Amino acid sequence: MVVTADDHSPAQNPAADSAFLRACRREPVPHTPVWFMRQAGRSLPEYRRVREGIGMLDSCMRPDLVTEITLQPVRRHRVDAAIYFSDIVVPLKAIGVDLDIKPGVGPVVGRPFRTREDLERLRPLEPDDVAYVTEAVGMLTGELGATPLIGFAGAPFTLASYLVEGGPSRNHEHTKAMMYGAPELWADLLDRLADITAAFLKVQVEAGASAVQLFDSWAGALAPEDYRRSVLPASAKVFGAVAGYGVPRIHFGVGTGELLGAMGEAGADVVGADWRVPLDEAARRIGPGRAVQGNLDPAVLFAPREAVEAQALRVLEAARGLPGHVFNLGHGVLPDTDPDALTRLVEFVHERTVR
Ligand SMILES: Cc1c2[nH]c(c1CCC(=O)O)Cc1[nH]c(c(CCC(=O)O)c1C)Cc1[nH]c(c(CCC(=O)O)c1C)Cc1[nH]c(c(C)c1CCC(=O)O)C2
(Lines give C-alpha, C1' and ligand atoms only; values in the text may rest on other atoms or scores of the structure.)
Protein backbone atom coordinates (compact mmCIF):
# COMPACT_ATOMS: atom_id res chain seq x y z
CA MET A 1 0.00 0.00 0.00
CA VAL A 2 1.20 3.49 -0.79
CA VAL A 3 0.47 6.13 1.81
CA THR A 4 -0.30 9.55 0.43
CA ALA A 5 -0.42 12.94 2.15
CA ASP A 6 -4.18 12.36 2.53
CA ASP A 7 -3.62 9.42 4.87
CA HIS A 8 -2.07 11.84 7.35
CA SER A 9 -5.12 14.13 7.28
CA PRO A 10 -7.30 14.36 10.44
CA ALA A 11 -9.84 11.97 8.93
CA GLN A 12 -7.22 9.26 8.42
CA ASN A 13 -4.80 9.93 11.26
CA PRO A 14 -6.29 10.40 14.73
CA ALA A 15 -3.03 12.10 15.82
CA ALA A 16 -3.18 14.77 13.10
CA ASP A 17 -4.54 17.42 15.45
CA SER A 18 -2.20 16.60 18.36
CA ALA A 19 -0.19 19.35 20.06
CA PHE A 20 3.02 17.77 18.78
CA LEU A 21 2.05 17.75 15.11
CA ARG A 22 0.48 21.21 15.41
CA ALA A 23 3.74 22.59 16.87
CA CYS A 24 5.74 20.94 14.07
CA ARG A 25 3.45 22.68 11.58
CA ARG A 26 3.82 25.97 13.53
CA GLU A 27 0.11 26.13 14.30
CA PRO A 28 -1.34 27.33 17.65
CA VAL A 29 -1.18 24.64 20.36
CA PRO A 30 -3.22 23.94 23.52
CA HIS A 31 0.10 23.53 25.40
CA THR A 32 3.75 23.11 24.45
CA PRO A 33 4.23 19.47 23.47
CA VAL A 34 6.98 17.45 25.18
CA TRP A 35 8.84 14.27 24.31
CA PHE A 36 12.34 13.10 25.19
CA MET A 37 15.01 11.59 23.00
CA ARG A 38 15.78 8.13 24.50
CA GLN A 39 12.59 8.32 26.56
CA ALA A 40 12.38 4.54 26.18
CA GLY A 41 15.39 2.90 27.71
CA ARG A 42 17.46 2.27 30.76
CA SER A 43 16.03 5.08 32.90
CA LEU A 44 12.83 2.99 33.16
CA PRO A 45 12.75 -0.07 35.48
CA GLU A 46 9.97 -1.57 33.33
CA TYR A 47 12.34 -1.33 30.32
CA ARG A 48 15.18 -3.07 32.14
CA ARG A 49 12.73 -5.78 33.17
CA VAL A 50 11.45 -6.62 29.66
CA ARG A 51 14.96 -6.43 28.17
CA GLU A 52 16.47 -8.88 30.67
CA GLY A 53 18.47 -11.53 28.78
CA ILE A 54 17.55 -10.13 25.33
CA GLY A 55 20.19 -8.41 23.20
CA MET A 56 19.51 -4.85 22.03
CA LEU A 57 19.37 -5.72 18.32
CA ASP A 58 17.30 -8.85 18.97
CA SER A 59 14.77 -6.75 20.88
CA CYS A 60 14.51 -4.33 17.92
CA MET A 61 13.41 -7.22 15.69
CA ARG A 62 10.53 -8.34 17.93
CA PRO A 63 7.33 -6.38 17.23
CA ASP A 64 5.82 -7.34 20.60
CA LEU A 65 8.82 -5.99 22.52
CA VAL A 66 9.18 -2.91 20.31
CA THR A 67 5.52 -2.08 20.91
CA GLU A 68 5.73 -2.56 24.68
CA ILE A 69 8.97 -0.57 25.04
CA THR A 70 7.76 2.27 22.81
CA LEU A 71 4.56 2.58 24.86
CA GLN A 72 6.26 2.49 28.30
CA PRO A 73 7.30 6.17 28.46
CA VAL A 74 3.95 7.28 26.98
CA ARG A 75 2.06 5.51 29.77
CA ARG A 76 4.41 6.63 32.52
CA HIS A 77 5.27 10.22 31.58
CA ARG A 78 2.26 11.21 29.42
CA VAL A 79 4.60 12.63 26.79
CA ASP A 80 3.00 14.12 23.68
CA ALA A 81 4.67 11.74 21.23
CA ALA A 82 6.08 8.23 21.13
CA ILE A 83 9.37 7.49 19.42
CA TYR A 84 9.67 4.15 17.72
CA PHE A 85 11.99 1.87 19.69
CA SER A 86 14.90 0.85 17.48
CA ASP A 87 18.46 1.98 16.86
CA ILE A 88 20.23 3.86 14.10
CA VAL A 89 22.18 0.73 13.09
CA VAL A 90 19.09 -1.49 12.61
CA PRO A 91 18.79 -0.87 8.82
CA LEU A 92 22.50 -1.67 8.39
CA LYS A 93 22.10 -4.90 10.35
CA ALA A 94 19.02 -5.67 8.21
CA ILE A 95 21.06 -5.60 4.99
CA GLY A 96 23.68 -7.89 6.46
CA VAL A 97 26.41 -5.60 7.79
CA ASP A 98 28.35 -7.44 10.49
CA LEU A 99 27.75 -5.28 13.55
CA ASP A 100 26.48 -5.46 17.12
CA ILE A 101 25.55 -3.08 19.92
CA LYS A 102 27.84 -3.59 22.91
CA PRO A 103 26.33 -2.58 26.28
CA GLY A 104 28.05 0.52 27.66
CA VAL A 105 29.92 1.05 24.37
CA GLY A 106 27.50 1.39 21.45
CA PRO A 107 27.53 0.07 17.88
CA VAL A 108 30.64 -1.95 16.93
CA VAL A 109 31.32 -2.99 13.31
CA GLY A 110 33.13 -6.26 12.56
CA ARG A 111 35.22 -4.99 9.65
CA PRO A 112 35.44 -1.18 9.38
CA PHE A 113 34.64 0.36 5.98
CA ARG A 114 37.74 1.91 4.42
CA THR A 115 37.88 1.08 0.69
CA ARG A 116 35.71 1.11 -2.43
CA GLU A 117 35.33 -2.68 -2.18
CA ASP A 118 33.70 -2.17 1.21
CA LEU A 119 30.82 -0.32 -0.46
CA GLU A 120 29.68 -3.63 -1.95
CA ARG A 121 28.61 -4.58 1.57
CA LEU A 122 25.92 -1.86 1.42
CA ARG A 123 23.09 -3.17 -0.73
CA PRO A 124 19.75 -1.33 -1.01
CA LEU A 125 17.24 -1.89 1.81
CA GLU A 126 13.96 -3.55 0.78
CA PRO A 127 10.81 -3.27 2.93
CA ASP A 128 10.88 -7.06 3.39
CA ASP A 129 14.26 -6.74 5.14
CA VAL A 130 12.47 -4.95 7.98
CA ALA A 131 9.02 -6.57 7.93
CA TYR A 132 9.11 -6.47 11.75
CA VAL A 133 9.15 -2.65 11.57
CA THR A 134 6.02 -2.56 9.43
CA GLU A 135 4.33 -4.94 11.86
CA ALA A 136 5.41 -3.05 14.98
CA VAL A 137 4.42 0.37 13.62
CA GLY A 138 0.99 -1.03 12.72
CA MET A 139 0.53 -2.43 16.24
CA LEU A 140 1.73 0.83 17.77
CA THR A 141 -0.46 3.24 15.85
CA GLY A 142 -3.45 1.09 16.84
CA GLU A 143 -2.50 1.36 20.53
CA LEU A 144 -1.44 5.01 20.45
CA GLY A 145 -4.64 6.49 19.01
CA ALA A 146 -4.32 10.28 19.16
CA THR A 147 -0.67 10.18 20.34
CA PRO A 148 1.64 10.56 17.33
CA LEU A 149 4.43 8.08 16.60
CA ILE A 150 7.80 9.47 15.51
CA GLY A 151 9.81 7.26 13.18
CA PHE A 152 13.56 7.82 12.95
CA ALA A 153 16.83 6.93 11.30
CA GLY A 154 20.50 7.80 11.62
CA ALA A 155 21.75 10.36 9.09
CA PRO A 156 24.36 9.35 6.49
CA PHE A 157 27.26 11.11 8.26
CA THR A 158 26.62 9.59 11.69
CA LEU A 159 26.11 6.12 10.18
CA ALA A 160 29.29 6.54 8.10
CA SER A 161 31.21 7.46 11.23
CA TYR A 162 30.28 4.14 12.90
CA LEU A 163 31.03 2.16 9.71
CA VAL A 164 34.38 3.81 8.97
CA GLU A 165 35.67 4.02 12.55
CA GLY A 166 34.31 0.58 13.41
CA GLY A 167 32.67 1.91 16.57
CA PRO A 168 32.11 5.03 18.65
CA SER A 169 34.78 7.68 18.11
CA ARG A 170 35.73 10.92 19.79
CA ASN A 171 37.67 12.43 16.90
CA HIS A 172 36.22 10.69 13.82
CA GLU A 173 39.73 10.58 12.35
CA HIS A 174 39.29 7.72 9.87
CA THR A 175 35.97 9.19 8.77
CA LYS A 176 37.50 12.59 8.14
CA ALA A 177 40.52 11.01 6.45
CA MET A 178 38.14 9.49 3.89
CA MET A 179 36.08 12.67 3.57
CA TYR A 180 39.15 14.83 2.81
CA GLY A 181 41.39 12.23 1.18
CA ALA A 182 38.97 10.22 -0.97
CA PRO A 183 36.08 12.60 -1.68
CA GLU A 184 34.56 10.44 -4.44
CA LEU A 185 34.53 7.32 -2.30
CA TRP A 186 33.11 9.39 0.56
CA ALA A 187 30.34 10.82 -1.63
CA ASP A 188 29.44 7.34 -2.89
CA LEU A 189 29.39 5.95 0.66
CA LEU A 190 27.08 8.74 1.86
CA ASP A 191 24.86 8.35 -1.20
CA ARG A 192 24.34 4.64 -0.51
CA LEU A 193 23.63 5.39 3.13
CA ALA A 194 21.14 8.09 2.08
CA ASP A 195 19.21 5.55 -0.01
CA ILE A 196 19.17 3.01 2.84
CA THR A 197 18.07 5.67 5.34
CA ALA A 198 15.36 6.99 3.02
CA ALA A 199 14.03 3.47 2.44
CA PHE A 200 13.98 2.81 6.21
CA LEU A 201 12.05 6.04 6.91
CA LYS A 202 9.58 5.28 4.12
CA VAL A 203 8.80 1.91 5.67
CA GLN A 204 7.94 3.62 8.96
CA VAL A 205 5.82 6.37 7.39
CA GLU A 206 3.98 3.98 5.09
CA ALA A 207 3.16 1.82 8.11
CA GLY A 208 1.71 4.86 9.91
CA ALA A 209 4.41 6.97 11.61
CA SER A 210 3.23 10.61 11.86
CA ALA A 211 6.65 12.32 11.82
CA VAL A 212 10.28 11.37 11.28
CA GLN A 213 13.50 12.44 12.95
CA LEU A 214 16.87 12.17 11.29
CA PHE A 215 19.60 11.84 13.94
CA ASP A 216 22.89 13.30 12.76
CA SER A 217 24.28 13.03 16.27
CA TRP A 218 27.93 13.55 15.38
CA ALA A 219 27.57 16.24 12.66
CA GLY A 220 28.72 18.81 15.23
CA ALA A 221 32.25 17.49 14.69
CA LEU A 222 32.31 19.26 11.31
CA ALA A 223 33.08 22.82 10.22
CA PRO A 224 30.13 24.45 8.42
CA GLU A 225 31.86 24.50 5.01
CA ASP A 226 32.68 20.80 5.21
CA TYR A 227 29.19 20.00 6.40
CA ARG A 228 27.67 21.87 3.47
CA ARG A 229 29.95 20.33 0.86
CA SER A 230 30.38 16.77 2.08
CA VAL A 231 27.34 15.90 4.21
CA LEU A 232 24.34 18.15 3.50
CA PRO A 233 23.68 16.73 -0.02
CA ALA A 234 23.19 13.22 1.35
CA SER A 235 20.92 14.37 4.20
CA ALA A 236 18.97 16.50 1.71
CA LYS A 237 18.44 13.38 -0.43
CA VAL A 238 16.91 11.61 2.58
CA PHE A 239 14.55 14.50 3.39
CA GLY A 240 13.62 14.85 -0.28
CA ALA A 241 12.68 11.18 -0.46
CA VAL A 242 10.08 11.56 2.30
CA ALA A 243 8.86 15.06 1.39
CA GLY A 244 5.79 13.80 -0.47
CA TYR A 245 4.15 12.18 2.55
CA GLY A 246 3.38 15.46 4.28
CA VAL A 247 4.73 14.27 7.66
CA PRO A 248 6.96 16.69 9.63
CA ARG A 249 10.67 16.02 9.22
CA ILE A 250 12.90 16.74 12.24
CA HIS A 251 16.68 17.13 12.00
CA PHE A 252 18.87 16.85 15.10
CA GLY A 253 22.54 16.78 16.01
CA VAL A 254 24.73 17.49 19.06
CA GLY A 255 27.03 20.53 19.20
CA THR A 256 25.55 21.85 15.97
CA GLY A 257 25.25 25.53 16.94
CA GLU A 258 27.19 26.57 13.84
CA LEU A 259 25.23 24.19 11.58
CA LEU A 260 21.64 24.99 12.54
CA GLY A 261 20.92 27.03 9.40
CA ALA A 262 22.38 24.40 7.10
CA MET A 263 20.53 21.60 8.89
CA GLY A 264 17.27 23.38 8.20
CA GLU A 265 18.22 23.96 4.57
CA ALA A 266 18.79 20.22 4.18
CA GLY A 267 14.99 19.98 4.12
CA ALA A 268 13.78 19.83 7.72
CA ASP A 269 10.48 21.24 9.00
CA VAL A 270 11.76 21.17 12.59
CA VAL A 271 15.38 21.57 13.72
CA GLY A 272 16.54 20.26 17.10
CA ALA A 273 19.14 22.14 19.10
CA ASP A 274 21.22 21.04 22.07
CA TRP A 275 21.61 23.16 25.22
CA ARG A 276 24.72 25.06 24.09
CA VAL A 277 22.66 27.63 22.16
CA PRO A 278 19.68 29.45 23.74
CA LEU A 279 16.50 28.54 21.91
CA ASP A 280 15.71 32.06 20.67
CA GLU A 281 19.21 32.29 19.18
CA ALA A 282 18.82 28.79 17.71
CA ALA A 283 15.54 29.86 16.08
CA ARG A 284 17.25 32.94 14.64
CA ARG A 285 20.01 30.77 13.14
CA ILE A 286 17.52 28.24 11.78
CA GLY A 287 15.55 31.05 10.14
CA PRO A 288 11.84 31.54 9.43
CA GLY A 289 9.57 28.78 8.24
CA ARG A 290 10.82 26.01 10.54
CA ALA A 291 9.91 24.95 14.07
CA VAL A 292 12.51 24.32 16.80
CA GLN A 293 12.90 21.41 19.20
CA GLY A 294 14.83 21.39 22.46
CA ASN A 295 16.78 22.06 24.49
CA LEU A 296 17.13 21.33 28.23
CA ASP A 297 20.52 19.89 29.21
CA PRO A 298 19.78 16.24 30.15
CA ALA A 299 22.20 16.53 33.09
CA VAL A 300 19.94 19.19 34.67
CA LEU A 301 17.55 16.37 35.62
CA PHE A 302 20.04 15.27 38.28
CA ALA A 303 19.54 18.58 40.15
CA PRO A 304 16.77 19.16 42.75
CA ARG A 305 13.25 19.75 41.47
CA GLU A 306 13.36 23.54 41.91
CA ALA A 307 16.53 23.76 39.80
CA VAL A 308 15.05 21.56 37.08
CA GLU A 309 11.99 23.81 36.97
CA ALA A 310 14.09 26.98 36.87
CA GLN A 311 16.10 25.64 33.92
CA ALA A 312 12.95 24.41 32.15
CA LEU A 313 11.47 27.90 32.58
CA ARG A 314 14.58 29.36 30.97
CA VAL A 315 13.92 27.18 27.91
CA LEU A 316 10.24 28.18 27.85
CA GLU A 317 11.14 31.89 28.20
CA ALA A 318 13.56 31.63 25.27
CA ALA A 319 10.84 29.91 23.24
CA ARG A 320 8.16 32.50 24.05
CA GLY A 321 6.70 33.94 20.87
CA LEU A 322 8.32 31.38 18.60
CA PRO A 323 5.75 29.86 16.26
CA GLY A 324 6.42 26.15 16.76
CA HIS A 325 8.32 24.85 19.79
CA VAL A 326 8.58 21.19 20.71
CA PHE A 327 10.05 20.83 24.22
CA ASN A 328 12.77 18.18 24.44
CA LEU A 329 16.17 17.63 25.99
CA GLY A 330 19.28 18.77 24.17
CA HIS A 331 20.31 15.10 23.81
CA GLY A 332 19.03 11.73 25.01
CA VAL A 333 17.86 10.87 28.53
CA LEU A 334 20.87 9.72 30.55
CA PRO A 335 20.49 6.11 31.79
CA ASP A 336 20.66 7.01 35.52
CA THR A 337 17.97 9.71 35.31
CA ASP A 338 15.20 9.42 37.93
CA PRO A 339 12.09 8.64 35.86
CA ASP A 340 9.93 10.63 38.30
CA ALA A 341 11.93 13.75 37.45
CA LEU A 342 10.95 13.23 33.79
CA THR A 343 7.26 12.76 34.65
CA ARG A 344 7.31 15.95 36.75
CA LEU A 345 9.02 17.84 33.93
CA VAL A 346 6.30 16.87 31.44
CA GLU A 347 3.63 18.06 33.91
CA PHE A 348 5.52 21.28 34.58
CA VAL A 349 5.89 22.20 30.90
CA HIS A 350 2.23 21.43 30.23
CA GLU A 351 1.03 23.50 33.23
CA ARG A 352 3.22 26.46 32.43
CA THR A 353 2.17 26.64 28.79
CA VAL A 354 -1.63 26.05 28.79
CA ARG A 355 -3.08 28.54 26.35
C1 LIG B 1 24.22 7.67 18.13
C2 LIG B 1 22.96 6.86 18.27
C3 LIG B 1 22.87 5.47 18.53
N4 LIG B 1 21.53 5.16 18.60
C5 LIG B 1 20.76 6.27 18.41
C6 LIG B 1 21.64 7.35 18.17
C7 LIG B 1 21.22 8.74 17.83
C8 LIG B 1 20.78 9.47 19.05
C9 LIG B 1 21.87 9.94 19.94
O10 LIG B 1 22.67 10.77 19.51
O11 LIG B 1 21.92 9.47 21.10
C12 LIG B 1 19.31 6.39 18.33
C13 LIG B 1 18.47 5.62 19.27
N14 LIG B 1 18.80 4.50 19.97
C15 LIG B 1 17.72 4.09 20.70
C16 LIG B 1 16.65 4.94 20.41
C17 LIG B 1 15.25 4.62 20.97
C18 LIG B 1 14.16 5.45 20.97
C19 LIG B 1 14.12 6.51 22.05
O20 LIG B 1 14.69 7.60 21.84
O21 LIG B 1 13.44 6.30 23.08
C22 LIG B 1 17.12 5.92 19.53
C23 LIG B 1 16.38 7.10 18.94
C24 LIG B 1 17.64 2.93 21.60
C25 LIG B 1 18.89 2.46 22.23
N26 LIG B 1 20.11 2.28 21.65
C27 LIG B 1 21.00 1.78 22.56
C28 LIG B 1 20.31 1.63 23.79
C29 LIG B 1 20.95 1.05 25.05
C30 LIG B 1 21.06 -0.42 24.93
C31 LIG B 1 20.38 -1.17 26.04
O32 LIG B 1 19.41 -0.68 26.65
O33 LIG B 1 20.80 -2.32 26.25
C34 LIG B 1 19.00 2.05 23.60
C35 LIG B 1 17.87 2.04 24.59
C36 LIG B 1 22.40 1.42 22.28
C37 LIG B 1 23.19 2.47 21.62
N38 LIG B 1 23.09 2.79 20.29
C39 LIG B 1 23.92 3.86 20.01
C40 LIG B 1 24.58 4.20 21.23
C41 LIG B 1 25.60 5.30 21.36
C42 LIG B 1 24.11 3.34 22.23
C43 LIG B 1 24.44 3.35 23.71
C44 LIG B 1 25.38 2.27 24.12
C45 LIG B 1 25.37 2.10 25.65
O46 LIG B 1 25.65 3.09 26.35
O47 LIG B 1 25.09 1.00 26.10
C48 LIG B 1 24.01 4.51 18.69
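# Questions about a predicted model

Biologist: For "domain: Uroporphyrinogen decarboxylase (URO-D)", an unreviewed entry, which residues does UniProt list?

Modeller: Happy to start there, and keep in mind that this model is predicted. The name comes from the UniProt record, where the entry is unreviewed. The record gives two stretches for it, residues 33–42 and 150–166.

Biologist: How far apart are the end C-alpha atoms of residues 33–42?

Modeller: Let's look at the secondary structure of that span before the distance. Residues 33–42 are 0% helix and 0% strand. From one end C-alpha atom to the other, the distance is 23 Å.

Biologist: And over residues 150–166, what share of the chain is helix?

Modeller: In this span the end C-alpha atoms are 28 Å apart. Strand makes up 29% of residues 150–166. The helix share is 59%.

Biologist: Now the ligand: how do the residues of the shell around it divide into nonpolar, polar and charged?

Modeller: The ligand is surrounded by 22 residues, and the closest are Ala 40, Gly 41, Gly 106, Phe 215 and Ser 217. Sorted by kind, the shell has twelve nonpolar, six polar and four charged residues.

Biologist: At which residues does UniProt place the feature "binding site"?

Modeller: This annotation is again from an unreviewed UniProt entry. The positions are spread over 294 residues of sequence, and in space they reach up to 22.7 Å between C-alpha atoms. The record names Arg 38, Gln 39, Ala 40, Gly 41, Arg 42, Asp 87, Tyr 162, Ser 217 and His 331.

Biologist: Is Ser 217 buried or exposed?

Modeller: Ser 217 sits in the loop between strand 5 (211–215) and helix 10 (224–230). Leaving aside neighbours within four places in sequence, Ser 217 is in contact with Thr 158, Gly 253 and Val 254. Because 20 other C-beta atoms lie within 10 Å of Ser 217, and 20 or more is the mark to reach, this residue is buried.

Biologist: Which residues is His 331 in contact with, leaving aside its neighbours within four places in sequence?

Modeller: You will find His 331 in the loop between strand 9 and helix 15 (339–353). His 331 counts as buried because it has 23 C-beta neighbours inside 10 Å. Its contacts, with those sequence neighbours left aside, are Met 37, Val 254, Asp 274 and Pro 298.

Biologist: Let's turn to the sheet. Which strands stand at the edges?

Modeller: The sheet is open, with seven strands in the order 1-4-5-6-7-8-9 and parallel pairing. An edge strand has a single partner, so one side of it is left without a neighbour in the sheet. Here these are strand 1 (82–83) and strand 9 (325–329).

Biologist: Which residue in strand 8 stands opposite Val 271?

Modeller: Strand 7 (residues 270–272) and strand 8 (residues 291–296) run parallel and are joined by three bridges. Strand 8 is mostly covered, with six of its six residues buried. The residue opposite Val 271 is Val 292.

Biologist: Where is the residue that follows the cis peptide bond from Gly 294 to Asn 295?

Modeller: That bond has an omega near -5 degrees. The residue it leads to is Asn 295. Asn 295 lies in strand 8.

Biologist: Why are the buried residues of helix 13 on the same side?

Modeller: Helix 13 (residues 279–286) has the buried residues Leu 279, Ala 282, Ala 283 and Ile 286. They sit on the same side of helix 13 because, around the axis, they cover an arc of only 100 degrees.

Biologist: What do the buried residues of helix 13 pack against?

Modeller: Just after helix 13 comes Gly 287, with a positive phi near 90 degrees. As for the packing, the partners are helix 12 (260–265), strand 7, strand 8 and helix 14 (305–319).

Biologist: How far apart in space are Asp 297 and Phe 252, C-alpha to C-alpha?

Modeller: Asp 297 is in the loop between strand 8 and helix 14. With 17 C-beta neighbours inside 10 Å, Asp 297 counts as partly exposed. In sequence, Asp 297 and Phe 252 are 45 residues apart, and in space their C-alpha atoms are separated by 15 Å.

Methods
Residues numbered from 1 in each chain as written. Predicted model: local features only at pLDDT ≥ 70, side-chain atom pairs only at ≥ 80, totals over all residues. Near = placed C-beta within 6 Å. Nonpolar A, V, L, I, M, F, W, Y, C, P; charged D, E, K, R; others polar. Pairing = 2+ DSSP bridges. Helix = DSSP H or I, 4+ residues; strand = E, 2+ residues; numbered from the N terminus. Buried ≥ 20, exposed ≤ 12 C-beta atoms within 10 Å, placed from the backbone. Arc of directions from axis to C-beta. Contact = placed C-beta atoms within 7 Å. UniProt positions renumbered as here; feature names shortened; annotations may be inferred.
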